[in-house]
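Work through these exercises with the structure open beside you. Each task is followed by a solution in steps.

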Amino acid sequence: MRQVVIGPNEAGQRLDKFLHKYMKEAPSGFFYKMMRKKNIVLNGAKCSGNEKLKEGDFVKFFLAEETLEKFGALSGCPAETDEYESAFAAFGLLPVVYEDRHMLAVNKPAGILSQKAKPSDLSLNEWLIGYLLKKRETDPAKLATFRPSVCNRLDRNTSGLVLCGKSLEGTQLLTQAIRERSVRKFYRLFVKGRLTKEEILCAWLKKDAKSNQVQILDHFEPGGEPIKTGIRPLQSGLLPGGMPVTYAEAELFTGKTHQIRAHLASIGHPLLGDLKYGEKRINEVCTKFGVKNQMLHAYRVEFPDSFKEPDGNSLVITAPLPECFEKLLTEMVDHR
(Lines give C-alpha, C1' and ligand atoms only; values in the text may rest on other atoms or scores of the structure.)
Protein backbone atom coordinates (compact mmCIF):
# COMPACT_ATOMS: atom_id res chain seq x y z
CA MET A 1 0.00 0.00 0.00
CA ARG A 2 1.15 3.52 -0.80
CA GLN A 3 -0.30 6.72 0.66
CA VAL A 4 0.01 10.24 -0.75
CA VAL A 5 -0.93 13.26 1.37
CA ILE A 6 -2.33 16.17 -0.63
CA GLY A 7 -0.33 19.38 -0.24
CA PRO A 8 -1.15 22.97 -1.23
CA ASN A 9 -0.02 22.45 -4.84
CA GLU A 10 -2.21 19.38 -5.32
CA ALA A 11 -5.28 20.84 -3.61
CA GLY A 12 -8.02 22.44 -5.70
CA GLN A 13 -7.95 19.91 -8.54
CA ARG A 14 -10.15 16.90 -9.21
CA LEU A 15 -8.95 13.54 -7.98
CA ASP A 16 -8.93 12.00 -11.47
CA LYS A 17 -6.65 14.79 -12.75
CA PHE A 18 -4.30 14.20 -9.83
CA LEU A 19 -4.22 10.46 -10.58
CA HIS A 20 -3.31 11.11 -14.22
CA LYS A 21 -0.37 13.23 -13.08
CA TYR A 22 0.73 10.73 -10.46
CA MET A 23 0.58 7.68 -12.76
CA LYS A 24 1.23 9.16 -16.19
CA GLU A 25 1.21 5.88 -18.13
CA ALA A 26 -2.09 4.53 -16.81
CA PRO A 27 -5.24 4.76 -18.97
CA SER A 28 -8.33 6.46 -17.57
CA GLY A 29 -10.23 3.18 -17.46
CA PHE A 30 -7.65 1.73 -15.08
CA PHE A 31 -8.26 4.46 -12.49
CA TYR A 32 -12.04 4.14 -12.58
CA LYS A 33 -11.84 0.36 -12.27
CA MET A 34 -9.47 0.63 -9.30
CA MET A 35 -11.73 3.20 -7.61
CA ARG A 36 -14.79 0.97 -8.11
CA LYS A 37 -12.91 -1.94 -6.52
CA LYS A 38 -11.64 0.33 -3.70
CA ASN A 39 -8.02 -0.29 -4.69
CA ILE A 40 -7.73 3.51 -4.81
CA VAL A 41 -9.50 5.32 -1.99
CA LEU A 42 -9.73 8.92 -0.81
CA ASN A 43 -9.57 9.58 2.93
CA GLY A 44 -10.21 5.89 3.54
CA ALA A 45 -13.48 5.84 1.59
CA LYS A 46 -14.65 4.82 -1.86
CA CYS A 47 -14.30 7.58 -4.45
CA SER A 48 -15.42 8.31 -8.02
CA GLY A 49 -12.67 10.62 -9.32
CA ASN A 50 -14.67 13.85 -9.49
CA GLU A 51 -13.97 14.83 -5.87
CA LYS A 52 -12.15 18.13 -5.43
CA LEU A 53 -9.01 17.61 -3.40
CA LYS A 54 -8.26 19.61 -0.26
CA GLU A 55 -4.96 20.13 1.51
CA GLY A 56 -4.51 17.31 4.04
CA ASP A 57 -6.58 14.75 2.09
CA PHE A 58 -4.87 11.39 1.63
CA VAL A 59 -5.05 9.03 -1.30
CA LYS A 60 -4.26 5.35 -0.71
CA PHE A 61 -3.16 2.97 -3.46
CA PHE A 62 -3.76 -0.70 -2.63
CA LEU A 63 -1.66 -1.76 -5.61
CA ALA A 64 1.48 -3.81 -6.05
CA GLU A 65 4.69 -1.82 -6.43
CA GLU A 66 5.18 -3.53 -9.80
CA THR A 67 1.84 -2.12 -10.97
CA LEU A 68 2.69 1.36 -9.72
CA GLU A 69 6.07 1.26 -11.46
CA LYS A 70 4.54 -0.15 -14.67
CA PHE A 71 2.24 2.87 -14.96
CA GLY A 72 4.95 5.39 -14.16
CA ALA A 73 4.02 6.23 -10.57
CA LEU A 74 6.70 8.31 -8.92
CA SER A 75 8.18 6.96 -5.73
CA GLY A 76 9.00 10.32 -4.15
CA CYS A 77 11.27 11.52 -6.98
CA PRO A 78 10.01 12.95 -10.26
CA ALA A 79 11.82 13.10 -13.54
CA GLU A 80 15.39 14.35 -13.39
CA THR A 81 15.85 18.01 -12.55
CA ASP A 82 18.99 18.46 -14.65
CA GLU A 83 17.35 20.69 -17.27
CA TYR A 84 15.93 23.03 -14.60
CA GLU A 85 19.30 23.36 -12.92
CA SER A 86 20.96 23.82 -16.34
CA ALA A 87 18.53 26.62 -17.26
CA PHE A 88 19.17 28.41 -13.97
CA ALA A 89 22.93 28.07 -14.48
CA ALA A 90 22.70 29.25 -18.11
CA PHE A 91 20.53 32.33 -17.49
CA GLY A 92 21.74 33.22 -14.01
CA LEU A 93 19.72 35.12 -11.42
CA LEU A 94 17.23 36.92 -13.68
CA PRO A 95 15.58 40.06 -12.23
CA VAL A 96 12.46 39.07 -10.27
CA VAL A 97 10.49 42.31 -9.89
CA TYR A 98 7.63 40.88 -7.84
CA GLU A 99 7.16 37.71 -5.80
CA ASP A 100 4.76 36.30 -3.25
CA ARG A 101 3.97 32.73 -2.24
CA HIS A 102 1.68 32.12 -5.23
CA MET A 103 3.25 34.01 -8.15
CA LEU A 104 6.22 35.96 -9.40
CA ALA A 105 7.04 38.33 -12.24
CA VAL A 106 10.36 38.18 -14.09
CA ASN A 107 11.87 40.97 -16.18
CA LYS A 108 12.88 38.70 -19.08
CA PRO A 109 15.85 39.87 -21.14
CA ALA A 110 15.56 39.74 -24.93
CA GLY A 111 17.00 36.53 -26.36
CA ILE A 112 15.39 34.06 -23.93
CA LEU A 113 12.41 31.89 -24.87
CA SER A 114 9.37 32.04 -22.60
CA GLN A 115 8.65 28.36 -23.30
CA LYS A 116 10.40 25.63 -25.27
CA ALA A 117 10.09 25.69 -29.06
CA LYS A 118 11.70 22.24 -29.32
CA PRO A 119 12.61 19.58 -26.72
CA SER A 120 16.29 20.53 -26.55
CA ASP A 121 15.55 24.21 -25.71
CA LEU A 122 16.09 25.83 -22.35
CA SER A 123 13.49 28.48 -21.62
CA LEU A 124 12.18 30.72 -18.86
CA ASN A 125 9.82 27.91 -17.90
CA GLU A 126 12.76 25.64 -16.97
CA TRP A 127 14.59 28.56 -15.34
CA LEU A 128 11.58 29.20 -13.09
CA ILE A 129 11.66 25.67 -11.67
CA GLY A 130 15.45 25.86 -11.31
CA TYR A 131 15.05 29.14 -9.42
CA LEU A 132 12.48 27.64 -7.03
CA LEU A 133 14.63 24.53 -6.53
CA LYS A 134 17.56 26.81 -5.65
CA LYS A 135 15.40 28.67 -3.12
CA ARG A 136 14.09 25.34 -1.77
CA GLU A 137 10.52 26.43 -2.41
CA THR A 138 9.98 23.20 -4.32
CA ASP A 139 11.75 19.87 -4.46
CA PRO A 140 11.81 16.76 -6.67
CA ALA A 141 8.98 15.11 -4.75
CA LYS A 142 6.65 18.11 -5.08
CA LEU A 143 7.38 18.34 -8.79
CA ALA A 144 5.82 14.89 -9.18
CA THR A 145 2.32 16.35 -9.13
CA PHE A 146 2.72 20.08 -9.79
CA ARG A 147 5.24 22.04 -11.82
CA PRO A 148 5.32 25.84 -11.66
CA SER A 149 5.04 27.49 -15.06
CA VAL A 150 4.94 30.77 -16.96
CA CYS A 151 1.40 32.05 -17.56
CA ASN A 152 1.98 34.51 -20.42
CA ARG A 153 4.47 34.44 -23.26
CA LEU A 154 6.68 36.99 -24.94
CA ASP A 155 8.54 36.59 -28.22
CA ARG A 156 12.15 35.50 -27.75
CA ASN A 157 13.46 38.95 -28.69
CA THR A 158 10.89 40.95 -26.72
CA SER A 159 11.96 41.88 -23.21
CA GLY A 160 9.92 42.55 -20.11
CA LEU A 161 7.36 41.14 -17.73
CA VAL A 162 6.52 37.46 -17.73
CA LEU A 163 4.03 36.31 -15.08
CA CYS A 164 4.63 32.92 -13.46
CA GLY A 165 2.56 30.70 -11.19
CA LYS A 166 4.46 29.23 -8.24
CA SER A 167 1.50 27.34 -6.79
CA LEU A 168 -1.55 25.68 -8.29
CA GLU A 169 -3.74 28.46 -6.84
CA GLY A 170 -1.50 31.17 -8.26
CA THR A 171 -1.36 29.52 -11.68
CA GLN A 172 -5.14 29.16 -11.82
CA LEU A 173 -5.76 32.77 -10.76
CA LEU A 174 -3.25 34.19 -13.24
CA THR A 175 -4.45 32.00 -16.10
CA GLN A 176 -8.08 32.98 -15.50
CA ALA A 177 -7.30 36.71 -15.26
CA ILE A 178 -5.25 36.63 -18.47
CA ARG A 179 -7.89 34.58 -20.30
CA GLU A 180 -10.65 36.99 -19.22
CA ARG A 181 -8.43 39.96 -20.22
CA SER A 182 -8.86 41.57 -16.82
CA VAL A 183 -5.08 42.04 -16.65
CA ARG A 184 -4.03 45.21 -18.50
CA LYS A 185 -0.70 44.90 -20.37
CA PHE A 186 1.36 47.92 -21.38
CA TYR A 187 4.48 47.93 -23.56
CA ARG A 188 7.17 50.53 -24.18
CA LEU A 189 8.61 50.75 -27.69
CA PHE A 190 10.48 52.82 -30.26
CA VAL A 191 9.10 53.26 -33.78
CA LYS A 192 10.20 54.93 -36.99
CA GLY A 193 8.75 58.38 -37.63
CA ARG A 194 6.70 60.75 -35.54
CA LEU A 195 3.49 59.66 -33.83
CA THR A 196 1.45 62.71 -32.92
CA LYS A 197 -1.69 61.50 -31.15
CA GLU A 198 -3.03 58.89 -28.80
CA GLU A 199 -5.40 56.48 -30.48
CA ILE A 200 -6.84 52.96 -30.53
CA LEU A 201 -6.07 51.01 -33.69
CA CYS A 202 -8.45 48.31 -34.92
CA ALA A 203 -7.83 45.85 -37.74
CA TRP A 204 -7.77 42.16 -38.65
CA LEU A 205 -4.75 39.89 -38.22
CA LYS A 206 -4.12 36.80 -40.32
CA LYS A 207 -1.30 34.37 -39.47
CA ASP A 208 0.79 32.31 -41.85
CA ALA A 209 1.90 29.35 -39.73
CA LYS A 210 4.54 28.24 -42.23
CA SER A 211 6.44 31.52 -42.18
CA ASN A 212 5.47 32.41 -38.58
CA GLN A 213 4.52 35.83 -39.88
CA VAL A 214 1.26 37.76 -39.75
CA GLN A 215 -0.57 40.09 -42.11
CA ILE A 216 -2.65 43.08 -41.00
CA LEU A 217 -5.89 43.65 -42.92
CA ASP A 218 -8.46 46.46 -42.85
CA HIS A 219 -11.28 44.00 -43.57
CA PHE A 220 -12.29 40.49 -42.64
CA GLU A 221 -10.90 37.49 -44.52
CA PRO A 222 -11.31 33.81 -43.64
CA GLY A 223 -8.73 32.95 -41.00
CA GLY A 224 -8.46 36.56 -39.85
CA GLU A 225 -8.99 37.64 -36.24
CA PRO A 226 -9.96 41.09 -34.96
CA ILE A 227 -7.24 43.00 -33.10
CA LYS A 228 -7.23 46.16 -31.02
CA THR A 229 -4.07 48.06 -30.05
CA GLY A 230 -3.82 51.27 -28.06
CA ILE A 231 -0.88 53.59 -28.76
CA ARG A 232 0.23 56.71 -26.85
CA PRO A 233 3.26 58.78 -27.92
CA LEU A 234 5.55 59.69 -25.02
CA GLN A 235 8.42 61.48 -26.75
CA SER A 236 9.33 62.24 -30.37
CA GLY A 237 12.80 63.15 -31.47
CA LEU A 238 15.67 62.78 -33.90
CA LEU A 239 18.51 60.35 -33.57
CA PRO A 240 21.99 61.56 -34.56
CA GLY A 241 21.93 61.70 -38.35
CA GLY A 242 18.40 63.13 -38.45
CA MET A 243 16.26 59.99 -38.26
CA PRO A 244 12.86 60.79 -36.68
CA VAL A 245 11.68 58.30 -34.06
CA THR A 246 8.99 58.10 -31.39
CA TYR A 247 9.13 56.55 -27.95
CA ALA A 248 5.63 55.33 -27.12
CA GLU A 249 3.46 53.13 -24.94
CA ALA A 250 1.10 50.51 -26.35
CA GLU A 251 -1.72 48.67 -24.62
CA LEU A 252 -2.80 45.24 -25.81
CA PHE A 253 -6.57 44.89 -25.80
CA THR A 254 -6.21 41.63 -27.75
CA GLY A 255 -3.13 39.44 -27.56
CA LYS A 256 -2.36 37.92 -30.94
CA THR A 257 0.93 36.75 -32.43
CA HIS A 258 3.26 39.70 -33.24
CA GLN A 259 0.28 42.05 -32.84
CA ILE A 260 2.06 45.24 -31.79
CA ARG A 261 4.95 44.75 -34.20
CA ALA A 262 2.81 44.05 -37.26
CA HIS A 263 0.05 46.53 -36.41
CA LEU A 264 2.42 49.50 -36.12
CA ALA A 265 4.35 48.46 -39.21
CA SER A 266 1.07 48.39 -41.14
CA ILE A 267 0.49 52.12 -40.44
CA GLY A 268 4.02 53.08 -41.48
CA HIS A 269 5.67 53.07 -38.04
CA PRO A 270 7.66 49.82 -37.75
CA LEU A 271 9.56 49.10 -34.56
CA LEU A 272 13.24 49.88 -34.55
CA GLY A 273 15.32 46.72 -34.72
CA ASP A 274 12.47 44.53 -35.93
CA LEU A 275 13.99 42.11 -38.45
CA LYS A 276 10.63 40.62 -39.48
CA TYR A 277 8.35 43.66 -39.85
CA GLY A 278 10.84 46.53 -39.76
CA GLU A 279 12.94 48.32 -42.37
CA LYS A 280 16.45 47.07 -43.09
CA ARG A 281 17.99 50.52 -43.58
CA ILE A 282 16.66 51.83 -40.28
CA ASN A 283 17.70 48.67 -38.45
CA GLU A 284 21.23 49.02 -39.77
CA VAL A 285 21.41 52.61 -38.51
CA CYS A 286 20.11 51.59 -35.10
CA THR A 287 22.86 49.02 -34.55
CA LYS A 288 25.17 52.01 -33.94
CA PHE A 289 23.17 52.70 -30.79
CA GLY A 290 23.30 49.15 -29.47
CA VAL A 291 19.96 47.99 -30.89
CA LYS A 292 20.14 44.21 -31.46
CA ASN A 293 16.47 43.23 -31.50
CA GLN A 294 13.00 44.77 -31.81
CA MET A 295 12.61 47.67 -29.39
CA LEU A 296 9.60 46.27 -27.56
CA HIS A 297 9.45 45.88 -23.78
CA ALA A 298 6.58 44.54 -21.66
CA TYR A 299 6.74 47.40 -19.20
CA ARG A 300 3.72 47.37 -16.89
CA VAL A 301 0.92 45.05 -15.81
CA GLU A 302 -2.16 46.31 -13.96
CA PHE A 303 -4.18 43.64 -12.18
CA PRO A 304 -7.91 43.63 -11.38
CA ASP A 305 -9.22 44.42 -7.89
CA SER A 306 -9.11 40.71 -6.97
CA PHE A 307 -5.29 41.01 -6.77
CA LYS A 308 -4.57 43.20 -3.75
CA GLU A 309 -1.38 44.62 -2.28
CA PRO A 310 -0.99 44.52 1.55
CA ASP A 311 -2.02 48.21 1.65
CA GLY A 312 -5.31 47.38 -0.10
CA ASN A 313 -4.40 48.84 -3.49
CA SER A 314 -4.71 46.80 -6.66
CA LEU A 315 -1.46 45.22 -7.77
CA VAL A 316 0.61 47.01 -10.43
CA ILE A 317 4.00 45.60 -11.54
CA THR A 318 6.57 47.53 -13.58
CA ALA A 319 9.74 46.24 -15.23
CA PRO A 320 12.68 48.68 -15.56
CA LEU A 321 13.68 49.52 -19.12
CA PRO A 322 16.59 47.66 -20.74
CA GLU A 323 19.88 49.48 -21.20
CA CYS A 324 19.33 49.87 -24.97
CA PHE A 325 16.09 51.81 -24.29
CA GLU A 326 17.84 54.14 -21.87
CA LYS A 327 20.64 54.71 -24.40
CA LEU A 328 18.23 55.67 -27.19
CA LEU A 329 16.39 58.06 -24.88
CA THR A 330 19.65 59.86 -24.11
CA GLU A 331 20.58 59.99 -27.81
CA MET A 332 17.26 61.47 -28.94
CA VAL A 333 17.03 65.19 -29.62
CA ASP A 334 13.53 66.33 -28.72
CA HIS A 335 11.64 68.02 -31.57
CA ARG A 336 8.12 68.39 -30.21
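**Exercise 1. Place Lys166 and find its charged partner.**

Step 1. Start with burial: Lys166 has 7% relative accessibility, so this residue counts as buried, the cut-off being under 20%. Keep in mind that the model is predicted.

Step 2. Look for the partner. Lys166 forms a salt bridge with Glu137, and their closest N and O atoms are 2.7 Å apart.

Step 3. Locate both ends. Lys166 sits in the loop between β7 and α6 (168–179), and Glu137 in the loop between α5 and β6, so the bridge ties together parts 29 residues apart in sequence.

Step 4. Check the partner's cover. Glu137 has 35% relative accessibility and therefore counts as partly exposed.

**Exercise 2. Describe the salt bridges of Asp155 and Glu249.**

Step 1. Take the total. The whole structure holds 20 salt bridges.

Step 2. Asp155 pairs with Arg261, at 3.0 Å from N to O. This pair links distant parts of the chain: Asp155 is in the loop between β6 and β7, Arg261 is in helix α7, and 106 residues separate them.

Step 3. Compare the two ends. Asp155 is partly exposed at 27% relative accessible area, whereas Arg261 is buried at 6%.

Step 4. Glu249 pairs with Arg300, also at 3.0 Å from N to O. Here strand β12 holds Glu249 and strand β13 holds Arg300, 51 residues apart. Both Glu249 and Arg300 are buried.

Step 5. Widen the view. Glu249 and Arg300 belong to a network of salt bridges that also links Arg184, Arg188, Arg232, Glu251 and Glu302.

**Exercise 3. Explain what surrounds Glu10, a buried residue without a salt bridge.**

Step 1. Find the residue. Glu10 lies in the loop between β1 (2–5) and α1 (15–22).

Step 2. Search for an opposite charge. The nearest such side chain is that of Lys21, 8.3 Å away. A salt bridge needs the N and O atoms within 4 Å, so this pair does not qualify.

Step 3. Look for another polar atom. The backbone nitrogen of Gly7 is 2.8 Å from a polar atom of the Glu10 side chain.

Step 4. List the contacts beyond four places in sequence. They are Val5, Phe18, Leu53, Lys142, Thr145, Phe146 and Leu168.

**Exercise 4. Work out how α5 is covered.**

Step 1. Count. Helix α5 spans residues 124–134, and 10 of its 11 residues are buried. Among them are Trp127, Ile129 and Tyr131.

Step 2. Name the cover. It includes α4 (82–91), β4 (96–99), β5 (103–108), β6 (149–150) and β7.

Step 3. Inspect the ends. At the start, a side-chain oxygen of Ser123 comes to within 3.2 Å of the backbone nitrogen of Asn125. After the helix comes Arg136, with a positive phi near 60°.

**Exercise 5. Tell the largest pocket from the largest cavity.**

Step 1. Take the pocket. Its space is about 1200 Å³. Its lining has 41 residues, with Arg153, Leu154, Asp155, Lys256 and Thr257 nearest the centre. β8 (184–192), β12 (243–252) and α7 (259–266) each give two or more residues to this lining.

Step 2. Take the cavity. The largest cavity has a volume of about 70 Å³. Residues lining this cavity include Asn152, Leu161, Phe186 and Tyr299.

Step 3. Find the main contributor to the cavity lining. β13 gives the most, with four residues.

Technical notes:
Residues numbered from 1 in each chain as written. Predicted model: local features only at pLDDT ≥ 70, side-chain atom pairs only at ≥ 80, totals over all residues. Heavy atoms only, no water. Buried < 20%, exposed > 50% of the residue type's maximum accessible area, 1.4 Å probe, protein only. Lys, Arg positive; Asp, Glu negative; His and termini not counted. Polar contact = N/O pair within 3.5 Å; in protein donor to acceptor, adjacent residues only side chain to side chain. Contact = heavy atoms within 4.5 Å. 1 Å grid on protein atoms, 1.4 Å probe; cavity = no way out; pocket = protein on both sides within 12 Å on 5 of 7 lines; lining within 4 Å. Points joined across faces, edges and corners; volume = space filled by probe spheres on them.
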